[in-house]
Amino acid sequence: MIDLRKPQRGHRDARARPPRTAKLIAACVGAIGLLSGSIGLAQQGPQLTPNYRDADIRVVAEQVSQVIGRTIIVDPRVRAQVTVLSNAPMSPPAFYRLFQSVLEVHGFVALDSGDALQIVPDANARFGAGSDYVTQAIVLDNIAAAQLVPILRPLLPQSAHLAAHPTSNSLIVADRPQNIQRILTLIRRMDQAGTEDVEVVPLENAGADDIVRMMNALNQAAQAAGGTPPIQVISDPRTNSVLLAGTGPGRLRYRALIAHLDTPTAQGGNTLVRYLNYADAEGLATKLQAQFGGAGGTGGAGAGGAAKPGAAPEGANSGPVTIWADAGTNALVINAPERIRQDMMAVVNQIDIPRLQVQVDAIIVEITESKAAQIGTTWLLNGADSNKGLGITNFSSTAGSITQLATSGSTASASAVSQGLTAAIGRLRDGGTSWVALLNALRGDADTNVVSTPQIVTLDNEEAEIKVGQQVPFVTGQFTNTGSTNAGTVNPFQTIQRQEVGTKLKITPQINEGSGVKLKIEQETSSISAGATGAVDLVTNNRTISTSVFVHDGDMLILGGLIDDQMRNNEQRVPGLGRIPGLGWLFRARKTERTKTNLMVFIRPVILHDETDARFQTSSKYRYVQELQRQMNDSNKPLIRSGDRPEVPPFPEPPPAKPSTTPAPAANGSESK
């Protein structure tokens, strides 16, 4: 046997030759070694000791083909220099396995293709066929195929192919058989039927949501400490149960902990006292009893805010439900099973919250201009004989009547004289013709400018009303005894009814999501009319608005308005004489009236979100009143020089926060002992 590691006699060391010559000699030496091995096969058995130094892999493949007796097809891309150092003889099968290892080191693979072998790069091996590189589909039963791809990919060579098929839950692997066998062994250990199961734990006293919250906190702590796998905990509020999913020992530990927590309270009993901060206890007790007192919400409240007991709703813990309110402490006293009490507290916690306030400023502007003018002449003519001949002219346009002056004689009173200018001319005598001409003229102007700014503050969804005005008397009837002095004592009287005249504002605000306010408004403004002409009794102007509007916080909106312009002309005359040119004005009366009214109503809501907003609005109005009082005190007081007018005290500063002396009730109330 020839040892290729030592130079033979008669040969120089190949390492002393140039590189190309060294490669050729190495190939020859490898051939001599294989020939020597062939001689040894015939003489001493199939034993080979291959040694190569920078030999061409194609030459080595040719020698392997001669040893194993099979055709080898080499891909043109297969190029490499091989170095193999061996110190022990080996059989031809062992020599072939050594050749496969050499190919793997250089990134090639030998594929079995019938009677021949194909030597190709690893990147193309999975597209070939043969027992040296196979493709296999591995079906999984318990684990999702996509979950195993990132776990197994680092364990395979770069040339191997690994993909998941989600529809069939399979893994597609293309690699050498030994690698696939190793992956199969690993997958069998991982793809086992899980020991996890789902368990339902019903609760009797505790709430499912509270238990789940504590269990999840325990899971997070276990994960942070790197402990056992976490247990999935889910609550079912409808049945008040807890669902556990995980390993058997973990579920057993959690079930024992839940059984310890699901115990009655230390005080015992089902009575709970809940102090309310903002809601009304009496009204809330009635509503809670209607909802939780019986199936379908048929409960009711008794006198004094106490609710009648009822049966528990279906599906909840059994037991009577009784709710009554203590008005003195604004508290609810609830007697009900634990599960029902938890549902009640969930409702109370969302209702017993501070409510926003709304300040509504209304601006009412009314401008009225009224003008009136009248002029007329009336005549009275009496014949020579007082018993014969009489002529009178009288017009309704004129305020007075000439007959009143004529019949009153010397006892004429001021009421007989009409308003405005009254002038008379004539001749009165016992014999002959008497005549009188009466001239009446009146001009009246009236201007009214009323600006009202009522303000009101109320809670959200609470009706508020403000009235600013006075009681005005109106004559509704009268009686006068005009009989003779012999008939008895004269006893005249009048009946009077008083009515409110002023400004009324009634609002109901509703704050919507965001900064909008819906307002239901009833606005009424009444005032005494200052007319241009006289009236038998007082005349009032009345303006009313009833509407619902939506206004953004701080914006101003007009609610309504009235623009009225009236013109009235009235002329009365004696037929024929009233149309005489020049002299016709002596036999006619004229009256003209004009009234212009302009009324506008504006509204401006401001949402008071907290005590800071409320204090700001209050202080601004308070200081405005103080400034008005200072201006009045600075004015002259000629009659009382030493007297000081009263003033409001300075605006108080907010008191410092006081420490709480009574413990605040818990979120779900406090139970009675």
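Reader: Which residues of helix α11 are buried?

Author: In α11, they are Ala-614, Gln-617, Ser-619, Gln-626, Gln-629 and Asn-633. Keep in mind that this is a predicted model. "Buried" here means under 20% relative accessible area. The buried residues of α11 pack against β15 (357-382) and β25.

Reader: How do you know whether α11 spans what a helix should?

Author: Helix α11 runs over residues 611-634, 24 residues in total, and stretches 34 Å from its first C-alpha to its last. At 1.5 Å a residue you'd expect 34 Å, so the span is close to the expected one.

Reader: What sits at the start of α11?

Author: A side-chain oxygen of Asp-610 comes to within 3.2 Å of the backbone nitrogen of Thr-612 there.

Reader: Okay, what makes Asp-361 and Arg-604 a salt bridge?

Author: The test is a side-chain nitrogen of Lys or Arg within 4 Å of a carboxyl oxygen of Asp or Glu. For Asp-361 and Arg-604 the closest N and O atoms are 3.5 Å apart, so by that cut-off the pair is a salt bridge. Asp-361 belongs to strand β15 and Arg-604 to strand β25, so the pair ties together parts that are 243 residues apart in sequence.

Reader: Why is Asp-361 called buried or exposed, whichever it is?

Author: Its relative accessibility is 11%, so Asp-361 counts as buried. Its partner Arg-604 has 29%, so that one counts as partly exposed, since the middle class runs between 20% and 50%.

Reader: How many salt bridges are there by this rule?

Author: The count comes to 17 salt bridges. Among them is Arg-573 with Glu-571, whose closest N and O atoms are 3.2 Å apart. Arg-573 is partly exposed at 33% relative accessible area, and Glu-571 is partly exposed too, at 42%. Another is Glu-593 with Lys-591, at 3.3 Å from N to O. Glu-199, Arg-251 and Arg-255 are linked in a network of salt bridges.

Reader: Now Ser-241. How do you know whether it is buried or exposed?

Author: Ser-241 has 5% relative accessibility, so it counts as buried. You'll find it in strand β11 (residues 241-246). Leaving out residues up to four places away in sequence, Ser-241 touches Val-200, Val-201, Pro-202, Ala-208, Ile-234, Ser-235 and Asp-236.

Reader: And what makes the link between the side chains of Ser-241 and Thr-239 a polar contact?

Author: The distance joining those two side chains is 3.1 Å. A polar contact needs a pair of N or O atoms within 3.5 Å, so this one passes on distance.

Reader: What is the phi of Asp-54?

Author: About 50°, a positive value although Asp-54 is not a glycine. Asp-54 lies in strand β1 (residues 52-56) and is partly exposed, at 43% relative accessibility. Asn-461, also not a glycine, has a positive phi near 65°. Asn-461 is in the loop between β19 (455-459) and β20 (464-479), and counts as partly exposed at 46%.

Reader: Which residues make the nonpolar surface patch?

Author: Leu-577, Ile-580 and Leu-583 make it, over about 240 Å². Leu-583 is in the loop between β24 (557-573) and β25 (588-608).

Reader: And how much of the whole chain counts as buried?

Author: Of its 673 residues, 32% do. The chain has 11 helices and 26 strands.

Methods. Residues numbered from 1 in each chain as written. Predicted model: local features only at pLDDT ≥ 70, side-chain atom pairs only at ≥ 80, totals over all residues. Heavy atoms only, no water. Patch = residues over 30% accessible without salt bridge, like charges linked within 9 Å, V, L, I, M, F, W, Y side chains within 5 Å. Areas by Shrake-Rupley, 256 points an atom, 1.4 Å probe, with all protein chains shown as cover. Helix = DSSP H or I, 4+ residues; strand = E, 2+ residues; numbered from the N terminus. Buried < 20%, exposed > 50% of the residue type's maximum accessible area, 1.4 Å probe, protein only. Contact = heavy atoms within 4.5 Å. Polar contact = N/O pair within 3.5 Å; in protein donor to acceptor, adjacent residues only side chain to side chain.
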